Amino acid sequence: MRLPAGLGVLCLALCCLGGARELWSGDHEWKKLIMVHHWPMTVCNEVANNCEHPPDYWTIHGLWPDKSGECNRSWPFNPDEIKGLLPDMRLYWPDVLHSSPNHSVHFWRHEWEKHGTCAAQLDALNSQRKYFGKTLDLYKELALNSTLQKLGIKPSISYYQISDIKDALVGVYGVVPKVQCLPPKSGEKVQTLGQIELCLTRDLQLQDCPEPGGPAPQRRDAGPGGTPILGLEICADGPVFYPPPKETEH
């Protein structure tokens, strides 16, 4: 039996709504977003995989819901949707592990498909243009690079105390960040600063990042070859190395 045209459209709409509810229920519901910055020198020191001339400033790792994981496999990444953002994307959100621009596209695809499709529960992030554009806006508003510099926290061969870095950031942002480090490898004396997370409510307001004490969320693979990378952990109290760019070490 053929349904009347109007009834057919109504049924299709109800099915789509039902699918959306199923898509964002249970394990895909999330409470906060995590704005993740990583320090390129630490990334490159850990994984020497064509990591040439990395940026000498903190770059974006991603904007992650606290519970997520490929919420919509039928919503693939489309580079055409972010064409107008590409200059800023290449500058502030590069794949620091690979110098080829094509690898950045693979990185962005990963971030969208794993995290962006879950963040899209919010109207403010419900398209690829909105998700990447808003992340860039947050990066600029939070201004972690200039904030650390104004606080006198600059890359150095001298060590900092983790408590001093965290206290200084709390003084500026008014919330507790999550600061993550690479544990010292054989022959190293101290942990290495690697990643700083600032957390936001669903209204995109800053909030404390709780620290359960476990390892940091596992990073993505470096690329199609599946190169294993950073084993970041929440920084232990004590000294930390904030590595300067190799060209400017002094």
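Here is a chat between a trainee and a mentor about two helices and the disulfides of this predicted model.

Trainee: Let's start with helix H7. How far apart are its end C-alpha atoms, and what should the helix span?

Mentor: H7 runs over residues 162-173, which makes 12 residues. At 1.5 Å a residue, that should span 16 Å. The two figures agree, because the end C-alpha atoms are 17 Å apart.

Trainee: Which residues of H7 are buried, and what arc do they cover around the axis?

Mentor: The buried ones are Ile162, Ile165, Lys166, Ala168, Leu169 and Tyr173. They sit on the same side of H7, because the arc they cover around the axis is only 160°.

Trainee: And which residues are exposed on the other side of H7?

Mentor: Exposed means over 50% relative accessible area. On that other side of H7, the residues that are exposed are Asp167 and Gly171.

Trainee: Which residue follows H7, and what is its phi?

Mentor: Right after H7 you reach Gly174. Its phi is positive, near 75°.

Trainee: Now helix H5. What span should it have, and how far apart are its ends?

Mentor: H5 covers residues 128-142, so there are 15 residues to count. At 1.5 Å a residue they should span 21 Å. That agrees with the end C-alpha atoms, which are 21 Å apart.

Trainee: Which residue just after H5 takes a positive phi?

Mentor: Within H5 itself, the buried residues include Tyr131, Phe132 and Leu136. Step just past the helix and phi turns up positive, about 45°, at Ala143.

Trainee: On to the cysteines. How many disulfides are there?

Mentor: A pair counts if its sulfur atoms are within 2.5 Å. Cys71 and Cys118 make one such pair, with S to S at 2.0 Å. By this rule the count is 3 disulfides.

Trainee: How many residues apart in sequence are the parts that Cys71 and Cys118 tie together?

Mentor: Cys71 lies in the loop between strand E2 and helix H3, while Cys118 lies in helix H4, so the pair ties together parts that are apart in sequence. The separation is 47 residues.

Trainee: What about Cys181 and Cys235: are they buried or exposed?

Mentor: These two are joined by a disulfide, S to S 2.0 Å. Cys181 is in strand E4 and Cys235 is in the loop between strands E7 and E8, so the link ties together parts 54 residues apart in sequence. As for your question, both are buried.

Trainee: Last one: what is the angle about the S-S bond for Cys199 and Cys209?

Mentor: A disulfide joins Cys199 to Cys209. Their link is right-handed, and the angle about the S-S bond is 115°.

Conventions: Residues are numbered from 1 along each chain as its sequence is written. This is a predicted model: local features need pLDDT of at least 70, side-chain atom pairs count only at pLDDT 80 or more; totals for chains, interfaces and linings use all residues. Side-chain values use heavy atoms; hydrogens and water are left out. Helices (H or I, at least four residues) and strands (E, at least two) are DSSP runs, numbered from the N terminus. The expected span of a helix is 1.5 Å times one less than its number of residues. Buried means under 20% relative accessible area, exposed over 50%, partly exposed in between (1.4 Å probe, protein chains only). The arc is that of the directions from the helix axis to the C-beta atoms.
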